[in-house]
Amino acid sequence: MLTERDFRKLFAARLVSQAGDGVFNAGFAAYAFFSAQSFPDPAAAVDAFAVLYLPYSLIGPFAGVFIDRWSRRQIIVYGALIRAAMVAIAGFVVLSGLTGVPLYVSALAVLGVNRFFLSAVSAGTPHVVPADKLVMANAVAPTSGTVVGLVGGLVGLGVHLISGGGRAGSAATLWFGGACYVVAGLLGARMDRDLLGPLETERAHSGSLTAELKDVAQGLVEGLRHLNSRRRAAYALGAVGIHRALYGTLLVEALLLYRNYFFHGSGNQALGHVTELVITSAIGFGLAAFVTPPGVKRLTKDQWITTWLLIGGITTLVLGPTFNQFVYLLLGFVLGLSAQCVKICVDTTVQQTVDDRYMGRVFALYDMLFNVAYVVGPAIAVPFIPATGKSLSVIIAAGALYLAAAAAYAALTKTTAAPQSPPARPTQAVRR
């Protein structure tokens with residue numbers, strides 16, 4: 001892919017921007033959870049999760065309406081620069097010691113603009129690669145961006161620790177992320193203004209803004225109706241939604257345990273150990289890509305989903321009650337592996353059972369469910385999680401719900417044979 005000159009320019013802007021995303025998320029999380037000025041309770045933790053994940057859910061389906069009206073190259077350039085300015089403001093908010101609404105508003109602004117940036121990059125990709133390389137580009141770019149985002153997060157945690165932690169360290173981390181956005185904007189400016197589309201003829205055929213936004217909302221409703229006739233896809237989405245909600249609940253509890261129980265009074269030490277938890281969980285996520293293909297050759301996808309829901313529940317019930325930071329590294333690894341094994345099969349199930357003409361709408365719903373569940377799960381558990389995070393009842397409930405989800409999914413998929421759509425016929429991408 002790097003032999004394509006225009007792709008290199010777009011790819012460079014994407015990688016630097018997503019590295020900045022990782023740095024920003026690390027700085028935000030470090031301040032919200034691990035600064036000396038903060039002693040997060042469960043409600044505050046859920047607020048932070050909502051800020052980090054809900055913008056992707058609420059803005060995402062509607063971003064395309066604007067992406068098809070404005071110059072995508074300009075969205076990339078100005079979106080990166082606007083985020084840099086917002087991050088600069090967020091850094092000063094953190095440096096002043098403010099929390100709550102001022103911090104969340106500045107973070108929401110950064111993450112909301114980021115959704116437009118990533119959508120513009122995806123929509124512009126067909127304009128910078130030949131049709132026969134489009135699939136490869138769509139495999140290379142998002143995967144590389146995810147990896148670089150993780151690396152950026154680790155770099156951000158390093159910047160935070162090196163700069164002494166606390167408010168100054170968190171602000172320095174945010175500003176470092178803002179510098180990445182500035183560089184991404186400058187890299188995007190190397191492309192011609194109209195390189196990524198949309199073409200004038202496409203803009204001319206656009207309907208009114210209000211009508212197109214209404215069409216998006218109507219499309220989501222139609223996607224829900226289609227899922228009603230594709231029960232197997234609906235059950236798969238239900239399984240990943242429950243797993244995501246339980247995973248989010250256990251992650252919030254783990255963050256509170258590390259911050260307020262294992263290392264009470266030592267935010268930097270807690271942050272260092274949470275970094276290890278992030279790494280072991282990421283290893284689990286990555287390993288899923290290697291074990292799932294041979295796994296589904298021995299078992300069906302439904303059986304594989306059921307198996308990993310069971311493993312998630314058993315592991316939670318066995319390791320969770322130890323409340324030991326070293327044991328939790330293993331728990332994080334297994335739950336990361338379980339989460340991604342389930343998601344891979346859910347993705348495939350949706351692709352194989354949903355009609356191609358509804359695929360985009362269903363995946364938009366999938367994206368919303370995936371992020372909303374991550375917030376809703378911890379929100380429901382808030383009344384039962386103490387400030388220290390040490391709650392045996394929540395651990396047992398989460399483990400039991402994993403097992404119940406496995407049993408329910410196995411029963412539903414065994415008795416329901418939803419019609420399967422034929423695979424979509426490959427079509428040649430058209431350079432617009």
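In the predicted model, Pro198 is located in the loop that joins helix 6 (166-188) to helix 7 (200-204). The peptide bond leading from Gly197 into Pro198 is cis, and its omega is near -5°. Most peptide bonds are trans, and most residues other than glycine have a negative phi.

A second backbone feature occurs at Phe323, where phi is near 45°, a positive value in a residue other than glycine. Phe323 belongs to the loop between helix 11 (301-319) and helix 12 (327-353). With a relative accessible area of 11%, Phe323 falls under the 20% cut-off and is therefore classed as buried.

Helix 11, which precedes this loop, comprises 19 residues. The distance from its first C-alpha to its last is 27 Å, close to the 27 Å expected at 1.5 Å a residue. Buried positions in helix 11 include the aromatic residues Trp304 and Trp308, along with Asp302, Ile305, Thr306 and Leu309. Further along helix 11, Gly312, Gly313, Thr315, Thr316 and Leu319 are buried as well.

Helix packing was examined for helix 3 (residues 72-95) and helix 4 (residues 101-124), whose axes come within 9 Å and cross at roughly 160°. Because angles over 145 degrees count as roughly antiparallel, helix 3 and helix 4 are assigned to that class. The crossing of the two helices is left-handed. The residues of the contact between helix 3 and helix 4 comprise 19 nonpolar, 4 polar and 2 charged.

Methods
Residues are numbered from 1 along each chain as its sequence is written. This is a predicted model: local features need pLDDT of at least 70, side-chain atom pairs count only at pLDDT 80 or more; totals for chains, interfaces and linings use all residues. Side-chain values use heavy atoms; hydrogens and water are left out. Axes are lines fitted to C-alpha atoms, for helices over the stretch in contact, and angles run from 0 to 180 degrees between N-to-C directions. Helices (H or I, at least four residues) and strands (E, at least two) are DSSP runs, numbered from the N terminus. Angles under 35 degrees count as roughly parallel, over 145 as roughly antiparallel, 65 to 115 as roughly perpendicular and the rest as oblique. A crossing is left-handed if the near helix is turned anticlockwise from the far one by less than a right angle, and right-handed if clockwise. Ala, Val, Leu, Ile, Met, Phe, Trp, Tyr, Cys and Pro count as nonpolar, Asp, Glu, Lys and Arg as charged, and the others, Gly among them, as polar. Buried means under 20% relative accessible area, exposed over 50%, partly exposed in between (1.4 Å probe, protein chains only). The expected span of a helix is 1.5 Å times one less than its number of residues.
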